[in-house]
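Subject: Structure handover and findings

Hello,

Here is the structure I said I would pass on. Please open it alongside this email.

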Amino acid sequence: MVSVINTVDTSHEDMIHDAQMDYYGTRLATCSSDRSVKIFDVRNGGQILIADLRGHEGPVWQVAWAHPMYGNVLASCSYDRKVIIWKEENGTWEKTHEHTGHDSSVNSVCWAPHDYGLILACGSSDGAISLLTYTGLGQWEVKKINNAHTIGCNAVSWAPAVVPGSLIDQPSGQKPNYIKKFASGGCDNLIKLWKEEEDGQWKEEQKLEAHSDWVRDVAWAPSIGLPTSTIASCSQDGRVFIWTCDDASGNAWSPKLLHKFNDVVWHVSWSITANILAVSGGDNKVEIFQNKKFKYTWRESLSYIWPKFLLETLFYNQKGSA
């Protein structure tokens, strides 16, 4: 049974759009239409405000923690067309970089797996996706995928840095050949998969079609190297799909409808073991789907494989529209 273990009074002055725990689960970052980003220490059921970060000039849609091997680093994106990267130095949070390369609202930010370095993907309502790579000495290299989605990009999510099937097929002691990939969802009702080529340029690898309205979020499931790759997607059309690919080349993706809601679905998020999916929507609830059978494919018998439990949401996770 799902239960609320803690409630945090953020004292935000307007709607909260995102809330993310750090790698260790001891700090909570929140962002709001009040243009602020706040960081709380939530250890032992408490809440201590560590930082109140001001730098955005519009609603802040999303925050994302980098892996702790790079220090305490947090990214935020906003309607003001900016992406800000914050870092804690000697107990003080400061702005370490500001990206202003987009022409419209930046709706989503997502850090790449730490194996690749410090890389941030950013999706914007101008239809472009930018990739910021830290090159050292405070410098960031920018690559941009123009016209990634018609009208706008709402979400980005990286593939895990694990080669599908490597748990079974990878020879002992051999270093895996990583290929950088990520998924994006947009106002063209599409999910697109992107792959980095040998020359460092990004190419559209796949186009996944099943939704009939704007794709609001995509989430590539964590993996330990099993043969199947999995992506969850949700949309303005109220539907949540589970996409799976058993093909080693990554080209044959098939969708299964997980659930049809009566309202817009804003966000999907996997557990670290990829057997639990949290879904939040316009009904102000978070619905939890749990896969109790350890299978490579999803079953359509949702009431058996995916028993559902409802819990009250602690915040309205509404992402900005284009």
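Below is what was found in it, with cut-offs given where a term first comes up.

This is a predicted model, in which local features need pLDDT of at least 70 and side-chain atom pairs count only at pLDDT 80 or more, while totals for chains, interfaces and linings use all residues. Residues are numbered from 1 along each chain as its sequence is written, and side-chain values use heavy atoms, with hydrogens and water left out.

Overall make-up

The chain has 2 helices and 24 strands; these are DSSP runs numbered from the N terminus, with helices being H or I of at least four residues and strands E of at least two. Of its 322 residues, 51% count as buried. Buried means under 20% relative accessible area, exposed means over 50%, and partly exposed lies in between (1.4 Å probe, protein chains only). Among contacts (heavy atoms within 4.5 Å) between residues at least 6 apart in sequence, 48% join residues at least 24 apart.

UniProt, in an unreviewed entry, lists residues 9-50, 53-96 and 208-243 under "repeat: WD". Positions from UniProt are in the numbering used here, feature names are shortened, and annotations may be inferred rather than shown by experiment. Residues 208-243 are 56% strand and 0% helix, and the C-alpha atoms at the two ends are 9 Å apart.

A hairpin

Strand β21 (residues 265-270) has 5 of its 6 residues buried. It runs antiparallel to strand β22 (residues 276-281), with 5 bridges joining the two; strands pair if DSSP finds at least two bridges between them. Serine 269 has alanine 278 of β22 as its bridge partner. The two strands form a hairpin with 5 residues between them, and alanine 274 in the turn has a positive phi of about 65 degrees.

Serine 32

Serine 32 is found in strand β2 (residues 27-32) and is buried, at a relative accessible area of 0%. A polar atom of its side chain lies 2.9 Å from the backbone oxygen of methionine 15. Leaving out residues up to four places away in sequence, serine 32 touches His12, Asp14, Met15, Ile16, His17, Pro59 and Val60.

Salt bridges

Side chains of opposite charge can pair when their charged atoms come close. A salt bridge here is a side-chain nitrogen of Lys or Arg within 4 Å of a carboxyl oxygen of Asp or Glu, and the whole structure has 12 of them.

- Arginine 43 pairs with aspartate 41, the closest N and O atoms being 2.6 Å apart. Arginine 43 is exposed, with a relative accessible area of 51%, whereas aspartate 41 is buried at 12%.
- Lysine 180 pairs with glutamate 196 at 3.1 Å, N to O. Lysine 180 lies in the loop between α1 (166-169) and β14 (181-186) and glutamate 196 in strand β15 (residues 190-196), so this salt bridge ties together parts 16 residues apart in sequence.
- Aspartate 237 pairs with arginine 239 at 3.3 Å, N to O. Aspartate 237 counts as buried, at 11% relative accessibility.
- Glu57, Lys82, Lys95 and Glu98 are joined into one network by salt bridges that share partners.

Cysteines

How many disulfides are there? With a disulfide taken as a pair of cysteine sulfur atoms within 2.5 Å, the count comes to 0. For cysteine 31, the nearest cysteine sulfur belongs to cysteine 77 and is 7.3 Å away. Cysteine 31 counts as buried at 0% relative accessibility, and cysteine 234 is buried at 0% too.

Regards

How values were computed:
Polar contact = N/O pair within 3.5 Å; in protein donor to acceptor, adjacent residues only side chain to side chain.
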